[in-house]
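Got the sequence and the 3D view ready? Let's take a quick tour, a few stops at a time.

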Amino acid sequence: MFDMLMNMGAENTKLAVSESKVRAHVVRVTTAGGVLVARKDGVPVGTVGLGRQAPWYSDDTFVGDYWFYVLPEYRKSRAAASLKRAAIKLAHTAGLDLVLGVFSPVDTDRKNRFLARGGVSYGCSYMFERN
């Protein structure tokens, strides 16, 4: 899973990806939240890291993603749909809403359409890059 998340970082940003930060984040999310993994023939092909979160302006919580990543060669498989269904079930079983987001310049329209199926859009993020 660590290698998948390093790939995710490298694919989705021009910022330097820190191995130590990725490792620490995985430990934190695994310990305090939960990690779902999609497998094909026993091999991890996708993952979503989840945890209880709250907006800065509210005490109400929801389950939110810290990452949602499927290896490029499995993006036309059912891996992402399976992860999304499992994440929805986990959140709803806990009596909470689920918030999934896209923070990526790669296939953004396709990812937004995928997440919009069955969900309600609450906007999006923009990065204004320095030259």
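Here is a short briefing on the sheet, a charged patch and one loop residue. Keep in mind that this is a predicted model. Four strands make up an open sheet here, and a group of arginines forms a positive patch on the surface.

**The sheet**
- Read across the sheet and you get the order β1-β2-β3-β4, with mixed pairing.
- At the edges sit β1 (34-40) and β4 (98-99), each of which pairs on one side only.
- In general, strands of a sheet pair through backbone hydrogen bonds, and the pairing can be parallel or antiparallel.
- β4's partner is strand β3, which covers residues 62-70, and these two run in the parallel sense, joined over two bridges.
- Want to spot a bridge yourself? Find G64, then look in β4 for V99, its bridge partner.

**The positive patch**
- The patch is formed by four residues: R78, R85, R113 and R117.
- One of them, R85, belongs to helix α3, which spans residues 79-93.
- R85 counts as partly exposed because its relative accessible area is 49%, which lies between the 20% and 50% cut-offs.

**A loop residue**
- Where is A94? Look in the loop between α3 and β4.
- A94 is also partly exposed, since its relative accessible area comes to 44%.
- How far is A94 from W67? They are 27 residues apart in sequence, and their C-alpha atoms are 19 Å apart in space.

Technical notes
Residues numbered from 1 in each chain as written. Predicted model: local features only at pLDDT ≥ 70, side-chain atom pairs only at ≥ 80, totals over all residues. Heavy atoms only, no water. Patch = residues over 30% accessible without salt bridge, like charges linked within 9 Å, V, L, I, M, F, W, Y side chains within 5 Å. Areas by Shrake-Rupley, 256 points an atom, 1.4 Å probe, with all protein chains shown as cover. Salt bridge = Lys/Arg side-chain N within 4 Å of Asp/Glu carboxyl O. Lys, Arg positive; Asp, Glu negative; His and termini not counted. Charge placed at Lys NZ, Arg CZ, Asp CG, Glu CD. Buried < 20%, exposed > 50% of the residue type's maximum accessible area, 1.4 Å probe, protein only. Pairing = 2+ DSSP bridges.
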